[in-house]
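New notebook page, new structure. I'll jot down what I look up as I go.

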Amino acid sequence: MRIVLIHPNYHSGGAEIAGNWPPAWVAYLAGHLRDAGFTDIHFIDAMTNDIGDEEIARRLEELQPDIVGTTAITPSIYKAETILKIASEVVPDALRVLGGIHATFMYKQVFSEAPWVDVIVRGEGEEIFRELVRTVAEGRWPRDRKQIKGLAYADDDGTFVATPAAPTVKELDAINPDWSLLEWGKYIYVPLGVRVAIPNMARGCPFTCSFCSQWKFWRDYRVRDPKKVVDEIETLVNDHDIGFFILADEEPTINRKKFIQFCEELIARGLPDKVKWGINTRVTDIMRDKELLSLYRKAGLVHVSLGTEAAAQLKLDRFNKETKVQENKEAIRLLREADIFVEAQFIVGLENETAETLEETYRMAWDWQPDLANWAMYTPWPFTPLFQELGDKVEIFDFEKYNFVTPIMKPQAMDRGELLDRVMNNYRRFYMQKALFHYPWRGTGFRRRYLLGCLKAFLKAGFQRKFYDLGKANYWGPQSKKTVNFNFDRTRTIAPAQLEDWAAIHDRKLELQKARAKLAGEGEAKPGEAPDAARTMACGGGTQQMTDA
């Protein structure tokens, strides 16, 4: 049983400017398969190696796999679909499998636009994919496909079938990732010039930010044994010469007790002398743990990306962030004082964005003085509550552009070219001042080297016109804002089957509202007055809240 896993060749000029990121999904899936006795596994990292369609076809024809598998987040979905189309042409007898968050929630859309996809893994992939592979190996596919939980496929009569949801993986520590499949010499973190890894400590998130999908993607919030996580990191350091890692968790500090244990275990093994690391987390957790920040720094934590999201309190409320503007400033100050580099993340580009609100984010970023600032274009994931609320305000369905750097939403007060120009103006002013007056002169040793490394990454991407896809958008500065072209494929639309699915979800939400209102003795709820419970239960594009590795 030969299995070929392929990472799609997608680039957007966003987070990748800081380095090539190792696709951890491959290691976790392959490790689980190897433990089940499936060892003939091959991996093609088309993204890192910039492999084109012809080369993918050549390698598949050479390998002659029984199963071809790929994954996709929303912006890489078309690349993933193309990979499986190539497989259908050069190895037509191989089973073509797609996983990932987009296909999990949007399987009807995927089957409508890419009928050559044989089956979709809907959910946390390790156990579902292993069962699928076992079924194929034993010659029970497609006869027994209905018996496998967590799949979607097109039935013989053309209808789209989703089997019942599979349980989430309860024993995360039982997953033994196979990191040997990755070409570690190619995964470099640019600011430090060292190899980088993205291990996983926890899955899920208990918060329900309306613009995010992770809380429904992973469903249950589960945390691994901190010692097991450190075992994995120690292996990555010793066997693959990792010098930096980023915890893949949305918010690894949620479970305070286990995060402290994780830090203490790193210190006990002397790992902070060999590897540094970074995390994403919430402002509220930094405020909560202000007395522990020195411990976190001692454990090797050097970079924290904070979801400050927006400067205007109005936006914070809309995103259900549950934080206050003043708390953002205080959290950044606490991190700086603990000698932890802090990156402030701002979401911009909603329909109510104006020149004034963009200027406000710049003023606050400079007032707060994070080491780094990032202005991400709001990306309305089609399976989030906010996407449903925005309704016809979303008029671009070219998912390849849903990448945090392309303005999907058109603000009422400006066009997309002006929006991009004002965001670039924020970047220019912030980093020019940092480069001239801060990075070369603030601190010595590691701090100075790290900040100059970050500046190098920005300058390199800017010179190559890769940052924010500026080259592809034909943006060369303020003088070009009227001629910017984001090259949207406006022929892309939502498939009728997907629209019907969303309509069914909307009807269920209304029924829930009515039932809740009746129980509360308030009469019938009005359309559009979805209570929080209904909003967090809604699942755009699918009937269950599913996850994927």
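Before anything else, a cut-off for my own use: a residue counts as buried when its relative accessible area is under 20%, as exposed when it is over 50%, and as partly exposed in between. I should also keep in mind that this is a predicted model.

Cysteines. I looked up Cys 263 and got 0% relative accessibility; that is under 20%, so Cys 263 counts as buried. Then I tried Cys 454, which has a relative accessible area of 5%, so Cys 454 is buried too. How many disulfides are there? I got a count of zero, going by cysteine sulfur atoms within 2.5 Å.

Ala 162. I found this residue in strand 7, which covers residues 160-162. Is Ala 162 buried, exposed or partly exposed? Its relative accessible area is 29%, which falls between the two cut-offs, so I put Ala 162 down as partly exposed. Next I checked what Ala 162 touches, leaving out residues up to four places away in sequence: I noted Tyr 107, Arg 122, Leu 151 and Ala 152. I also looked at Gly 150, which is 12 residues from Ala 162 in sequence, with 7.3 Å between their C-alpha atoms.

Whole chain. I stepped back and read off 20 helices and 16 strands. Of the 549 residues in the chain, 57% are buried. I looked at contacts between residues at least 6 apart in sequence, and 75% of these join residues at least 24 apart. Last entry: the chain's accessible surface is about 22,500 Å², and carbon and sulfur atoms account for 50% of that.

Methods: Residues numbered from 1 in each chain as written. Predicted model: local features only at pLDDT ≥ 70, side-chain atom pairs only at ≥ 80, totals over all residues. Heavy atoms only, no water. Helix = DSSP H or I, 4+ residues; strand = E, 2+ residues; numbered from the N terminus. Buried < 20%, exposed > 50% of the residue type's maximum accessible area, 1.4 Å probe, protein only. Contact = heavy atoms within 4.5 Å. Areas by Shrake-Rupley, 256 points an atom, 1.4 Å probe, with all protein chains shown as cover.
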